[in-house]
Amino acid sequence: MTDVGTVGREPLVALDHVDKWFGQLHVLQDINLVIGRGEVVVVIGPSGSGKSTLCRAINRLETIDKGTIALDGQPLPQEGKALAQLRAEVGMVFQSFNLFAHKTILENVMLGPVKVRKQPKADAEKRARELLDRVGVGHQAEKYPAQLSGGQQQRVAIARALAMEPKVMLFDEPTSALDPEMIKEVLDVMVDLARGGMTMVVVTHEMGFARTAGDRVVFMADGRIVEENTPEEFFDNPRSERAKDFLSKILKH
Amino acid sequence: MNEVFSNFDLVLRAFWLTVQIAALSGVVSLVLGTVLVAMRIGPIGVLRQFATTYVTLVRNTPLLVVFIFIFIAAPNVGWFVHTPFLLKGVIAVSLYTSTFVCEALRSGINAVPVGQAEAARAIGMTFSQNLAHVVLPQAFRASVPPLGSTMIAMTKNTSVAAVFGLMEATGRMRFFTNRHADDAVGILIVFAVGYIVIVELISLASYGLERRWRAAR
Ligand SMILES: Nc1ncnc2c1ncn2[C@@H]1O[C@H](COP(=O)(O)OP(=O)(O)OP(=O)(O)O)[C@@H](O)[C@H]1O
Ligand SMILES: [Mg+2]
């Protein structure tokens, strides 16, 4: 195991010998991964390699069959209130935004703080407006998700996750459902977050982002972590055949 | 006919009773139906099983049989013995209608993208918070047309109560037709118009809700 990135960092998320099956399919195979506080880990790999499953396992949207996952030293709770509490500490941004369609942008961001964190409405609104301003959609606060562009919706989704003051943010291909001209506005917000010291796990094929903001690249194939390295080393000198093959394919585009 | 119009207060009172049964049953069956659907999609196996069995059983039972159960069978074993007729009617209609409400809501829930429920879980909402704030509000909106039809069917179903002596609209209509068989057609028309007015009001409310909620996104 290389320790790129985690050196000198306090571990925040720790996956230890994690295995998961979907029926016969062994989607996560003996995954060992430690993510340090403030670290930005970019997960990359071919379709079906288990990247989403890995992300979803970290906030237990998927259960695992073997091994342990710990957040801040605590193993993930099995279910109930404790699990909900854990999820509140882990922000998640999905490929398809998943904003609440019947609520305004402002309400989307306020819902978690008010219902889960039991914050007073006025405080939650003040904070939500700050976050919306920060991601550049403050002037859209009263609109509904369907009235916003994809890029705007994804920035709202980031604000909604940030409103919970998470310890770590998970991004599962946050820009792959976006039109090219909107990708940058979302990546800019993410780069900002990374600079601000947020711990992030980002599944993406955006090499620019990985190089600018990533501390470490984790390359997955067939449910395994095949290679880990700094972004520069990984993209310039991939060591494994799988990674070389994969990079040659995505670089052609 | 003259008989009907000179006793028009009886007609109005009968329809008022119909409206009362329908309104009370509407509220109770919406609440019961929501509870049933929450059980059906919930994480607790026993409740899921119970709700599924209940819906299958009651939905496939003729309403008349449900009425017989509440009005005749139940009092025989000591239940609902002193319950007023109006309330017993409401109980029978609600037990029956809630299964249709449950099914209408279930189709509405299927129309809510799973990603939204997942996003709600990801910000730390519990199952019931997720239902209350994310899934059900949207499921209700998506279910307005089938729920409207269910409420209309329910309103007409309240007429079964006439069999058990409640002088609601259908009961009163039979009272008139029994006495003035020669005027049966005219009497039928008067009462049909009454039902049409009520049903149209429900339709209008349903369209109104549908339009308002479609606008708000
Ligand atoms: N709920 C599920 N049930 C069964 N199989 C699943 C399920 N979810 C994912 N899989 C399978 O598990 C494997 C890994 O899926 P996963 O979504 O984690 O891959 P991925 O690396 O994110 O791929 P992509 O780049 O296409 O998003 C795939 O073969 C997928 O078909
Ligand atoms: Mg994926």
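## Close-up views of a predicted two-chain model

**Figure 1. Where chain A and chain B meet.** The contact draws on 25 residues of chain A and 19 residues of chain B. Remember, as you look around, that this is a predicted model. How much area do chain B and chain A bury between them? The value is about 1900 Å², with 65% of it on carbon and sulfur atoms. An area like this is a common way to describe an interface, since the accessible area lost when the parts come together is often used to give its size.

**Figure 2. A salt bridge from one chain to the other.** Across the interface of chain B and chain A there is one salt bridge. Which residues form it? Look for Arg56(A) and Glu118(B), whose closest N and O atoms are 2.7 Å apart. Across this interface there are also six residue pairs in polar contact.

**Figure 3. The side of chain B that touches chain A.** Two helices of chain B, helix 6 (114–122) and helix 7 (127–157), each supply at least two residues to this side. Helix 6 gives the most, with seven residues. What kinds of residue make up the side of chain B that touches chain A? Eight are nonpolar, seven are polar and four are charged.

**Figure 4. The surroundings of ligand 1.** Here you can find the residues around ligand 1, which include Phe22(A), Leu25(A), Val27(A) and Pro46(A). Lys51(A) and Ser52(A) are also among them. Now turn to the oxygen atoms of the ligand. One oxygen atom of ligand 1 is 2.8 Å from a polar backbone atom of Gly48(A). With Thr53(A), the partner is in the side chain: an N or O atom there is 2.5 Å from an oxygen atom of ligand 1. For Glu173(A), an N or O atom in the side chain is 3.3 Å from an oxygen atom of the ligand.

**Figure 5. A salt bridge within a helix of chain A.** The side chains of Glu130(A) and Lys126(A) meet in a salt bridge, at 3.5 Å from N to O. Why are these two residues separated by about one helical turn? Glu130(A) and Lys126(A) have that separation because they are four residues apart in helix 4 (residues 121–134) of chain A. A search of the whole structure finds 26 salt bridges over all chains.

**Figure 6. The annotated domain of chain A.** An unreviewed UniProt entry carries the annotation "domain: ABC transporter" for residues 13–247 of chain A. Over these residues the chain is 40% helix and 26% strand. The C-alpha atoms at the two ends are 27 Å apart.

**Figure 7. The helices of chain B.** How many helices and strands does chain B have? Count along and you will reach nine helices and zero strands. The C-alpha atoms of chain B fill a box of roughly 70 × 50 × 25 Å along the principal axes. In the unreviewed UniProt entry, residues 15–206 of chain B are annotated as "domain: ABC transmembrane type-1". This part of chain B is 81% helix and 0% strand.

**Figure 8. Annotated transmembrane regions of chain B.** The unreviewed UniProt entry gives the annotation "transmembrane region" to residues 15–39, 60–81 and 184–209 of chain B. Residues 15–39 are 100% helix, and their end C-alpha atoms lie 35 Å apart. Residues 184–209 are also 100% helix, with end C-alpha atoms 38 Å apart.

Terms used. Residues are numbered from 1 along each chain as its sequence is written. Chains are lettered from A and ligands numbered from 1 in the order in which they are written. This is a predicted model: local features need pLDDT of at least 70, side-chain atom pairs count only at pLDDT 80 or more; totals for chains, interfaces and linings use all residues. Side-chain values use heavy atoms; hydrogens and water are left out. UniProt positions are given in the numbering used here, feature names are shortened, and annotations may be inferred rather than shown by experiment. Contact means heavy atoms within 4.5 Å. Buried area is the accessible area (1.4 Å probe) that two parts lose on being put together, summed over both. A salt bridge is a side-chain nitrogen of Lys or Arg within 4 Å of a carboxyl oxygen of Asp or Glu. A polar contact is a pair of N or O atoms within 3.5 Å; within protein, one must be able to donate a hydrogen and the other to accept it, and residues adjacent in sequence count only if both atoms are side-chain atoms. Ala, Val, Leu, Ile, Met, Phe, Trp, Tyr, Cys and Pro count as nonpolar, Asp, Glu, Lys and Arg as charged, and the others, Gly among them, as polar. A residue is near a molecule or strand if one of its heavy atoms lies within 4 Å of it.
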